[in-house]
Amino acid sequence: MQPIGLPFGPGAGQTGPGLRMLSANLADRNTALERLSTGLRINRGSDDPAGLIASEGLGAALAALEAETRALERSQAVVDTASGALGEISGLLIEAEGLAVQSANTAGLSDAEREALQVELDSIVRSVDRIIGQASFNDQKLLDGRFVVPAGDQTYAVGDLSSSGFGEVVLDPEVPGGASTRVAFSDLKSGGTASLLENPELAQQVIAAARDTVLYEQAALGNLGRNVLGPRLASIATEIETLSASRSLIRDADVAEEASRLIRANIRTEATLFSLSSQLSNQEQVLDLLG
């Protein structure tokens, strides 16, 4: 579109209204183009001051919800990692329990068979210890009793499954007034007080206590994921959808409306240019006649 020069001389004032109309049409055209290119109805404060304030407030709320979503998703990943480790430990403890039950049937086992069962149990104990020691998230141990899972305004501490207290059984004192004896999961190893060769019945008690601990932790983590993290994530997703729709309604451009506006502005601009061109042509003819 070629720029239009302002006419001077006799009759110049006749084009004034046309130029003002042309300026208004061009401004309307530029506004439509800007909104179509950005997709926004509000591109600056002057477009809609109140709407800008409202949309910025909704944007801040959306940013906060999205940040909380990322934090909760991270917590869910921690829960899934810890639950997976606990599931592996639970499977190993079931095998260990079977070995203890088999070893307790002393009438049908030879010493060599019981020793073989103990070798298997030693392997299981090492595997459980390895899982407990290696289960981590972002280089932080998950099963040593020090990891806390954030869950919105709550926190959940994953239980301590370290060998020192894991599967602990307290035995009554052998004599009145004596000290109680504490037996833990680590005592299932060869030479321990709860090994299959020493006391298969006690081994069963220790393994059962360890399984109870693991089952409790699995249930607690499952509850955290299902009844705390999951519902909150779903609730936030709904809030984000609602706020996004509200913000879009306030700030986003109506493409169909702006396209129609652009077409109208183009038509009016062309008509105004034609009118101005005719007026300028008539003025030139008058000047020629007078000249």
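How many Å should the 24 residues of α3 span, and how far apart are its end C-alpha atoms? Let's use that as a way into this predicted model.

## Helix α3 and its surroundings

At 1.5 Å a residue, α3 should span 34 Å, and its end C-alpha atoms are indeed 34 Å apart, so the expected and modelled values agree. Many positions along this helix are buried, including R114, L117, Q118, L121, D122, I124 and V125. Further along α3, S127, V128, I131 and I132 are buried too. The cover over the buried residues of α3 includes α2 and α4.

## The chain as a whole

Stepping back, the chain has 5 helices and 6 strands. Followed along the sequence, they come in the order α-α-α-β-β-β-β-β-β-α-α. Of the 291 residues in the chain, 33% are buried. The accessible surface is about 16,500 Å², and 54% of that belongs to carbon and sulfur atoms.

How do distant parts of the sequence come together? Among contacts between residues at least 6 apart in sequence, 68% join residues at least 24 apart. One pair to look at is E201 and V101: they are 100 residues apart in sequence, yet their C-alpha atoms are 7.9 Å apart in space.

## The nonpolar core

In soluble globular proteins, nonpolar side chains tend to be buried together. Here, the largest nonpolar core has 53 residues, and those with the most contacts inside it are I89, L143, F166 and L188. The elements giving two or more residues to this core are α2 (49–104), α3 (111–134), β3 (148–151) and α4.

L188 is a good place to zoom in. Leaving aside neighbours within four places in sequence, its contacts include Q118, L121, D122 and V125, residues that are buried in α3. L188 is also in contact with A194, S195, A203, V206 and I207.

## An aromatic pair

F166 also takes part in the chain's 1 aromatic pair. The ring centres of F166 and F185 are 5.1 Å apart and their planes are at 45 degrees, so the pair is tilted. F166 sits in the loop between β4 (154–157) and β5 (169–171), while F185 sits in the loop between β6 (181–183) and α4, 19 residues away in sequence. Both F166 and F185 are buried.

## Helix α4, with a bend

Helix α4 covers residues 200–251. Its 52 residues should span 76 Å at 1.5 Å a residue, and the 73 Å between its end C-alpha atoms agrees with that. Look for a bend of about 30 degrees at L229, with a proline, P231, following within four residues. E201 belongs to this helix and is partly exposed, with a relative accessible area of 43%.

L229 also meets a residue of another helix. S75, found in α2, touches L229 as well as V149 and P150, not counting residues up to four places away in sequence. S75 has a relative accessible area of 3%, under the 20% cut-off, so it counts as buried.

## A loop with positive phi

Most residues other than glycine have a negative phi. Which residues go against that here? N138 has a positive phi of about 55 degrees, and D139 has one of about 65 degrees; neither N138 nor D139 is a glycine. N138 lies in the loop between β1 (136–137) and β2 (140–141), and D139 lies in the loop between β1 and β2 as well. Is D139 buried or exposed? Its relative accessible area is 78%, over the 50% cut-off, so D139 is exposed.

Terms used: Residues numbered from 1 in each chain as written. Predicted model: local features only at pLDDT ≥ 70, side-chain atom pairs only at ≥ 80, totals over all residues. Heavy atoms only, no water. Buried < 20%, exposed > 50% of the residue type's maximum accessible area, 1.4 Å probe, protein only. Core = buried A, V, L, I, M, F, W, Y, C linked by side-chain atoms within 4.5 Å. Contact = heavy atoms within 4.5 Å. Phe/Tyr/Trp six-rings, centres within 6.5 Å; stacked < 30°, edge-to-face > 60°. Expected span 1.5 Å × (residues − 1). Bend = angle between axes of the 7 residues up to and from the residue. Areas by Shrake-Rupley, 256 points an atom, 1.4 Å probe, with all protein chains shown as cover.
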